[in-house]
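The following report describes how the strands and helices of one protein model are arranged. It begins with the helices that lie on the sheet and then turns to the strands and to a pair of packed helices.

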Amino acid sequence: MTTLPPLLPKVDAILVLDGDGNRLAGKYYGNFLKKGEAEEGKISSVEEVRSAFERQLHSKMHGIAARADAAEVVTVMGKTAVFCGGTSANSNGGGDVRVVHVGPSSESELVLAHLAEGMYDALSHLMGGATDRTMVLDNLELVFLLIDEHCDGGIILETDGSKLASAVLLRDDEGVEPEASQ
């Protein structure tokens, strides 16, 4: 088994959840939740285990309104989960979508918070500031491209929100589309 250098941030999952805890988009990396867990002699499928994880995650996040620029931290199934966005039922915010980064318990919460904030910033930019369920579902291909530009195999590639949004839209940092080769 290869080990990563100690300063290289690693995530086990990146999830985009709606206000009800339903997965709108996401990727799991490595062996995280790939093996079914035995429950009372029954082997659960990978999707059942992931769904159970996401339900536990939502129950811990429920009622916490994390601002886009200030991530919140919860622990679920021995993993550290950091999320940005989402609004509580009685607040008026920019949307109900939450970006969640799940990492090993040994990963720095500050690093995971920086990653989540950068991705939420890019998502907000790509959605025109409206990070609600409908807008995300209507632009799901951009969300999956964003996840791919942000992380590959659990290794973070980019954290700057404006650079991520530009990469997804195939533009350089100044907002100009690159010229096609002749």
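Helix α2 lies across β1 (13–17), β5, β6 and β7, and runs at about 35° to β6, where contact means heavy atoms within 4.5 Å. Helix α4 (residues 140–150) also packs on the sheet, touching β1, β2 and β7, and its direction makes about 25° with that of β2. Axes are lines fitted to C-alpha atoms, for helices over the stretch in contact, and angles run from 0 to 180 degrees between N-to-C directions; helices (H or I, at least four residues) and strands (E, at least two) are DSSP runs numbered from the N terminus.

This is a predicted model, in which local features need pLDDT of at least 70 and side-chain atom pairs count only at pLDDT 80 or more, while totals for chains, interfaces and linings use all residues. Residues are numbered from 1 along each chain as its sequence is written, and side-chain values use heavy atoms, with hydrogens and water left out.

The sheet is open and has five strands in the order β2-β1-β7-β6-β5, with antiparallel pairing; two strands pair if DSSP finds at least two bridges between them. β2 (23–28) and β5 (72–76) stand at the edges with a single partner strand each, so one side of each is left without a neighbour in the sheet. From one strand to the next the twist averages 20°. Three of the antiparallel pairings are set out below, each with one pair of opposed residues.

| Strand pair | Bridges | Opposed residues |
|---|---|---|
| β1 and β2 | five | I14 and K27 |
| β1 and β7 | five | V16 and V99 |
| β6 and β7 | six | A81 and V102 |

In the hairpin of β1 and β2, five residues lie between the strands, and G21 takes a positive phi near 85°. β1 is mostly covered, with five of its five residues buried, that is, under 20% relative accessible area with a 1.4 Å probe and protein chains only. A13, L15 and L17 point one way from β1, whereas I14 and V16 point the other way.

The axes of helix α2 (residues 109–126) and helix α5 (residues 161–168) come within 7 Å and cross at roughly 50°. That angle makes α2 oblique to α5, a class left for angles that are not under 35 degrees, over 145 or from 65 to 115. G118, M119, D121, A122, H125 and L126 in α2 meet G161, S162, L164, A165 and V168 in α5. The residues of this contact divide into six nonpolar, four polar and one charged, with Ala, Val, Leu, Ile, Met, Phe, Trp, Tyr, Cys and Pro counted as nonpolar, Asp, Glu, Lys and Arg as charged, and the others, Gly among them, as polar.

Methods
Buried means under 20% relative accessible area, exposed over 50%, partly exposed in between (1.4 Å probe, protein chains only).
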